[in-house]
Amino acid sequence: MSHPPVDVVDELEARLETLRRTASYRQRKTAEGPCTTKFLSQDQVLLSFASNDYLGLANHPRLAEAAAVGMAKWGIGAGASHLVGGHTRAHHALENRLAAFTGFPACLYFSTGYLANLAIAPALLGRGDTIFADKLNHASLVDAALLSRAKLVRYPHLDLAYLEQRLRAGSTGRKLIVSDAVFSMDGDIAPLRELLALAERYNAWLLVDDAHGFGVLGPQGRGSLAEQALASPRLILMATLGKAAGVAGAFVAGSATVIDWLIQKARPYIFTTASPPLLADALLTALDLIEAEDDRRERLNSNIRHFRDAVRLQRFTLLPSRTAIQPVLIGSDEDTVVVAEYLRSQGFYVPAIRPPTVPPGTGRLRISLSAAHTPADLDQLADTLQQAERATA
Ligand SMILES: *Cc1c(COP(=O)(O)O)cnc(C)c1O
């Protein structure tokens with residue numbers, strides 16, 4: 001049997017057409033201004049619930065000033081990767097500061113969280129080893145597992161009994177348990193203490209991705225592990241610096257041994273240009289604000305409570321979450337898109353999240369709250385969600 005020849009370009013165009021037909025097609029929205037609660041597009045100003053700028057730092061004048069001072073000192077580009085000349089005193093100071101802030105012995109700064117996650121599992125594990133991962137973990141953790149060539153066991157969301165059964169079934173190689181601390185599309189929180197206990201019992205590493213907890217949870221925003229006062233040499237923390245910290249990049253924190261090993265072996269660290277040193281300077285200032293300004297976290301938390309109290313839904317479901325991520329479950333891809341477009345027509349930017357980012361049939365609005373929202377913003381959104389239920393019934 002031979003297939004009729006199909007032009008590769010036509011074939012790809014047909015696949016795009018399928019995405020368009022099935023409400024799976026993605027389109028970017030172009031911002032004409034900085035990240036604030038107002039999303040400025042060419043023809044509209046939208047009240048935005050789309051950013052991960054939970055503390056309102058992304059456009060903070062003190063960060064911009066630190067970046068400007070950093071630029072005067074370092075110029076723009078680092079010019080090289082960290083191991084061949086691109087590692088500056090600014091990067092180094094940031095790593096030391098992050099280690100002290102999170103309570104880990106050592107720390108390594110990466111240019112993005114995606115790269116940081118890609119670095120860890122493939123450096124620590126390989127063929128014959130096993131990774132145990134929550135099914136709702138971030139895509140970067142899944143990709144890292146595939147890249148590592150270790151066996152990947154995905155356990156049902158938060159199902160520790162299943163996880164333990166699989167750990168007990170015992171494999172000979174190294175083991176790594178991986179979990180988001182705050183799940184990025186659900187806003188719920190992993191049982192980190194219990195996960196660490198399992199890691200201890202079965203001699204596994206525990207990698208915690210705290211992209212959505214760093215800066216907002218725990219004392220002074222030190223993150224999810226600090227909130228639960230957890231520490232262990234088998235614990236590895238990854239957190240991002242483009243969300244609550246308002247800048248860009250990410251870090252891995254762990255024992256001096258782990259960090260030393262990553263510097264030797266982590267390909268997404270070694271084979272990429274160091275990010276501009278001025279960003280490290282801006283991040284040092286962001287950490288000052290995160291540490292000192294409890295009122296930002298208080299405003300965020302009161303916004304979360306205010307929004308949950310204000311929302312009254314019949315057909316849609318506000319998922320249980322005490323974090324800044326407040327998902328409203330809609331269902332089919334088509335319905336999710338229709339509701340998101342209705343909100344946009346009313347002046348709100350709330351992203352529609354569809355498969356493959358979430359499981360099929362669980363399309364949702366991902367509402368992200370910030371300390372920078374006002375209570376009136378939240379009331380307006382709650383009202384408009386109710387209208388959306390009626391308008392799209
Ligand atoms: C955003 C995110 C990442 C990726 O971080 P970037 O710095 O944006 O690349 C990783 N893990 C989780 C859970 C995230 O939400």
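Good morning. I begin with a contact between a charge and a ring: the charged end of Lys29 sits over the ring of Tyr349, 5.9 Å from its centre. Please keep in mind throughout that this is a predicted model.

A second arrangement of this kind involves Arg20, which lies over the face of Tyr25 at 4.9 Å from the ring centre.

Let me turn to the aromatic pairs. A search of the whole structure returns four of them. In one, Phe39 and Tyr349 meet edge-to-face, with 4.9 Å from centre to centre and 75 degrees between the planes. This pair links distant parts of the chain: Phe39 belongs to strand 1, residues 38-40, and Tyr349 to strand 12, residues 348-349, with the two positions 310 residues apart. Are these two residues buried or exposed? Both Phe39 and Tyr349 are buried.

Another pair is formed by Phe214 and Phe251, again edge-to-face, at 5.2 Å centre to centre and with 70 degrees between the planes. Phe214 is in the loop between strand 7 (205-209) and helix 8 (224-227), while Phe251 is in strand 9 (residues 250-254), so the pair ties together parts that are 37 residues apart in sequence. Phe214 and Phe251 are likewise buried. Together with Phe101, these two phenylalanines, Phe214 and Phe251, make up one aromatic cluster.

Next, the residue Ser41. Ser41 is placed in the loop between strand 1 and strand 2 (45-48). Why does Ser41 count as buried? The cut-off is under 20% relative accessible area, and Ser41 counts as buried because its relative accessibility is 8%. If neighbours within four places in sequence are left aside, the contacts of Ser41 are Lys29, Thr30 and Glu32. Lys29 is the residue with which I opened, its charged end over the ring of Tyr349.

I move on to the domains. The protein chain is divided into domain 1, comprising 26-55 + 294-391, and domain 2, comprising 61-292. Taken over C-alpha atoms, the centres of domain 1 and domain 2 are separated by 27 Å. How many residues are in contact between the two domains? On the side of domain 1 there are 20, and they touch 22 residues of domain 2. Between them the domains bury about 1,600 Å², with 56% of it on carbon and sulfur atoms. Two salt bridges are found across this interface. I also note a salt bridge between Asp186 and Arg364, where the closest N and O atoms are 3.1 Å apart.

My last topic is helix 5 and its surroundings. Helix 5 spans residues 139-148, and its buried residues are Ser140, Leu141, Val142, Ala144, Ala145 and Ser148. What covers these buried residues of helix 5? The cover includes helix 4 (113-124), strand 4 (130-134), strand 5 (151-155), strand 6 (175-180) and strand 7. After helix 5 comes Arg149, whose phi is positive, near 70 degrees.

Strand 7 contains Asp209. At 4% relative accessibility, Asp209 counts as buried. Leaving aside neighbours within four places in sequence, Asp209 is in contact with Asn117, His138, Leu141, Ser179, Asp180, Ala181, Val182 and Met238. Among these, Leu141 is one of the buried residues of helix 5. For His138, the C-alpha atom is separated by 8.5 Å from that of Asp209, although the two are 71 residues apart along the chain.

Thank you for your attention.

Key:
Residues numbered from 1 in each chain as written. Predicted model: local features only at pLDDT ≥ 70, side-chain atom pairs only at ≥ 80, totals over all residues. Heavy atoms only, no water. Phe/Tyr/Trp six-rings, centres within 6.5 Å; stacked < 30°, edge-to-face > 60°. Helix = DSSP H or I, 4+ residues; strand = E, 2+ residues; numbered from the N terminus. Buried < 20%, exposed > 50% of the residue type's maximum accessible area, 1.4 Å probe, protein only. Lys NZ or Arg CZ within 6 Å of the ring centre and 35° of its normal. Domains from an automatic or database assignment. Contact = heavy atoms within 4.5 Å. Buried area = accessible area lost by both parts, 1.4 Å probe. Salt bridge = Lys/Arg side-chain N within 4 Å of Asp/Glu carboxyl O.
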